[in-house]
Amino acid sequence: MKYNYRQRLHDLNITLSQTGRQTCPKCSATRKNKDEKCLSVTFKSDAIYYKCHNSCGFTGIVNYSDKDFVISNKVYQKPKEPTQSEKNLDKLVRYFDKRCISRKTLLTYGVSINENNEMIFKYYKNGTLVNIKTRKNLGDGKKQFMQSKDSEKTFFGMDLIPMQAREVIIVEGEIDVLSYAEVGLYAISIPQGGSDTKLECIDNCYDFLDSFDNYIIAVDSDDIGKKLQSNLINRLGKHKCKTIDFELFDVKDANELLVQNRDDLKESIFYAKSVPMPTIETIDDIENNLINIYRHGYDSGLSTGWESLDNKFTIRKGYLMIVTGVPTRGKSFFVDNLLYNMTKNYNWKHFICSFENRLEEHLIRYMQFHTELNFSQTFKPFMKEKDVLESINYFRDKIYRVKLDNSYSMDDILENAEYAVKRYGVDSVVIDPYNKMKNIYDGREDKYIDSILSEIQVFARRNNVLAVFIAHPTKMYKSKDDDGIPNMYSISGGASWYNMADYGIVIHRNKDKKTLSKTTQIIVEKVKDFHLGDPSGGVVEMDYNYKTHKLEEKINDIWQ
């Protein structure tokens with residue numbers, strides 16, 4: 001059975017979803033006072049602790065997750081309990097009465113009003129107040145929301161979901177949660193509305209979400225709601241999602257349906273449709289895309305961050321990039337420059353399986369990219385401590401790596417990568433390099449390479465991420481003209497690497513006796529899709545800038 005903390009608590013017959021006391025499942029039934037709440041359950045940031053205060057020995061710890069990433073959590077500010085206005089309470093009740101939501105439901109979910117006539121929604125996680133959302137100008141039709149500064153973004157209503165629940169409804173706003181509560185159904189709401197694309201609430205509540213077998217996505221039927229629905233499905237997985245189309249009921253959202261007909265709202269979950277299987281395509285699925293391509297042409301992809309390289313290829317998720325080159329000639333450095341550009345320009349997050357350097361060393365490189373200063377105080381100009389702290393915070397939710405205390409097969413890497421995609425919303429997966437993986441195979445290596453490249457290519461398409469695979473060459477063809485520049489066929493396993501790649505890149509620096517050239521050659525050998533680049537490839541030269549610590553394009557190359 002898949003591990004998750006809610007399932008573990010359920011198996012232990014612990015029914016609480018926040019800190020509190022209950023009867024002990026081990027000894028209460030045999031005691032004289034069967035109703036004594038002798039078991040304390042404490043939800044802390046690291047784990048859940050339970051202990052029976054009688055002598056039965058029922059005590060232990062339940063961890064939130066069995067996954068362990070080398071990345072620290074953000075530090076959030078917990079808000080103070082808000083003040084409430086009894087004088088304005090009637091106004092709040094009248095407001096919700098028009099929306100068919102009762103005073104009892106408002107009390108259950110802690111909805112209140114303050115002296116400034118602001119509606120207050122309190123967000124709890126494991127019994128702790130983590131965020132307060134206020135709506136100003138109650139009743140005047142203008143929706144103006146504000147949330148607690150530096151608060152942890154979670155789901156509204158999550159602490160009220162029964163521990164035994166295997167399915168949860170996800171909605172777009174707090175009032176929709178209250179609407180479903182009115183008909184006896186439990187729902188949770190994202191905190192930032194339908195325009196939220198980061199969905200940080202999933203990152204912060206992944207272990208809670210992972211405990212459910214299914215999700216019913218019941219967001220607004222407008223364009224913003226449909227975009228949110230798509231983002232939620234991508235993060236939570238098509239196989240576990242169902243969707244409700246409120247247009248079937250000629251309404252926009254759950255509250256409108258409650259006002260129109262409460263029985264229809266209760267039955268709406270029976271109209272939830274499974275998301276179509278990702279392995280089966282129909283003409284209906286691609287009709288709009290086909291018309292859009294006809295009218296506007298193919299999307300050209302995202303910029304690499306270098307104009308000269310954009311003339312050779314652009315970046316798109318769902319593709320496999322294979323990078324090779326002679327050891328120590330700059331393969332990993334080029335990839336790190338590319339990843340940083342994608343983060344700087346598009347706010348991308350990255351999952352990196354790097355076997356050749358530690359997280360500290362890796363992060364220092366990114367910090368130097370970001371600040372354009374030296375990390376070492378030996379060389380000027382160097383970072384001040386405030387620069388170090390700012391850089392750490394900048395990359396905190398953008399770089400994720402597997403620990404280097406284990407040997408990883410492709411299956412191990414992709415299992416961890418899928419977890420990072422679902423939990424953190426990463427946009428790229430990097431494996432560096434092939435020869436340091438745990439590669440165990442019987443028979444021919446090229447057949448094995450075919451299978452693992454096929455796995456990562458399918459993974460990239462299914463999870464809509466850019467996959468980057470770095471591999472050293474094993475065959476060198478040195479002549480007086482090319483300084484032993486390898487190609488895609490030089491990698492162990494030969495043609496498989498070239499055939500499977502969507503992008504095939506060779507990184508090279510010429511060597512004259514013992515001196516390496518300052519110029520890095522990015523040799524584009526393959527771009528599979530013509531609308532993402534030039535199929536004939538080509539060479540772009542870049543220089544290392546000692547002041548900025550980055551690869552920078554030669555000015556004359558931009559205009560070629």
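**A cis proline, two nonpolar cores and a buried helix**

Pro433 sits in the loop that links strand S17 (428–432) to helix H16 (445–463). In this predicted model, the peptide bond leading into that proline, from Asp432 to Pro433, is cis, and its omega is near -10 degrees. Another cis bond turns up from Lys380 to Pro381, also with omega near -10 degrees. Here the proline belongs to the loop between helix H13 (359–371) and helix H14 (385–395).

Stepping back to the whole chain, there are 18 helices and 24 strands. The C-alpha trace spans about 90 × 65 × 55 Å along its principal axes. Of the 560 residues, 51% are buried. Counting contacts with a separation of 6 or more, 66% join residues 24 or more positions apart. The chain exposes about 28,200 Å², with carbon and sulfur atoms supplying 48% of that area. As for charge, there are 81 positive and 79 negative charges, and their mean positions lie 5 Å apart.

Inside, the largest nonpolar core takes in 44 residues, and the members touching the most others are Phe155, Ile188, Ile202, Phe208 and Leu232. Many elements feed into this core: at least two residues each come from helix H1 (5–11), strands S2 (39–43), S3 (47–52), S9 (167–171) and S11 (214–217), and helices H5 (200–204), H6 (206–209) and H7 (223–236). H7 gives the largest share, four residues. Phe155 shows how such a core residue is surrounded: beyond its neighbours within four places in sequence, Phe155 is in contact with Tyr123, Tyr124, Ile170, Ile188, Ser189, Ile190, Cys201, Ile202, Cys205 and Leu209. There is also a second core, separate from this one, with 38 residues, among them Leu338, Ile399, Val468 and Ile505.

Helix H4 (residues 174–182) is largely enclosed by the rest of the structure, because eight of its nine residues are buried. The buried set mixes residue kinds, with Glu174, Asp176, Ser179 and Glu182 listed alongside Ile175, Val177, Leu178 and Tyr180. Just past the end of H4 comes Gly184, whose phi is positive at about 80 degrees.

Positive phi values also appear away from glycine. Leu199 is one such case, with phi near 50 degrees. Leu199 lies in the loop running between strand S10 (187–189) and H5. With a relative accessible area of 1%, Leu199 falls under the 20% cut-off and so counts as buried. His549 is another non-glycine residue with a positive phi, about 70 degrees in this case. The loop holding His549 connects strand S23 (538–545) with strand S24 (550–553). His549 is buried too, at a relative accessible area of 5%.

A charged residue away from the surface rounds off the picture. Arg423 is part of helix H15 (residues 410–424), and its relative accessible area of 13% is under 20%, so Arg423 is classed as buried. Its side chain makes a polar contact with the side chain of Asp207 at 3.3 Å. The Arg423 side chain also reaches the backbone oxygen of Asp203, at 3.4 Å.

Definitions and conventions. Residues are numbered from 1 along each chain as its sequence is written. Side-chain values use heavy atoms; hydrogens and water are left out. A nonpolar core is a set of buried Ala, Val, Leu, Ile, Met, Phe, Trp, Tyr and Cys residues joined through side-chain atoms within 4.5 Å. Buried means under 20% relative accessible area, exposed over 50%, partly exposed in between (1.4 Å probe, protein chains only). Contact means heavy atoms within 4.5 Å. A polar contact is a pair of N or O atoms within 3.5 Å; within protein, one must be able to donate a hydrogen and the other to accept it, and residues adjacent in sequence count only if both atoms are side-chain atoms. Accessible areas come from the Shrake-Rupley method with a 1.4 Å probe; for residues, only the protein chains shown count as cover. Lys and Arg count as positive and Asp and Glu as negative; His and the chain ends are not counted. The place of a charge is taken as NZ of Lys, CZ of Arg, CG of Asp or CD of Glu.
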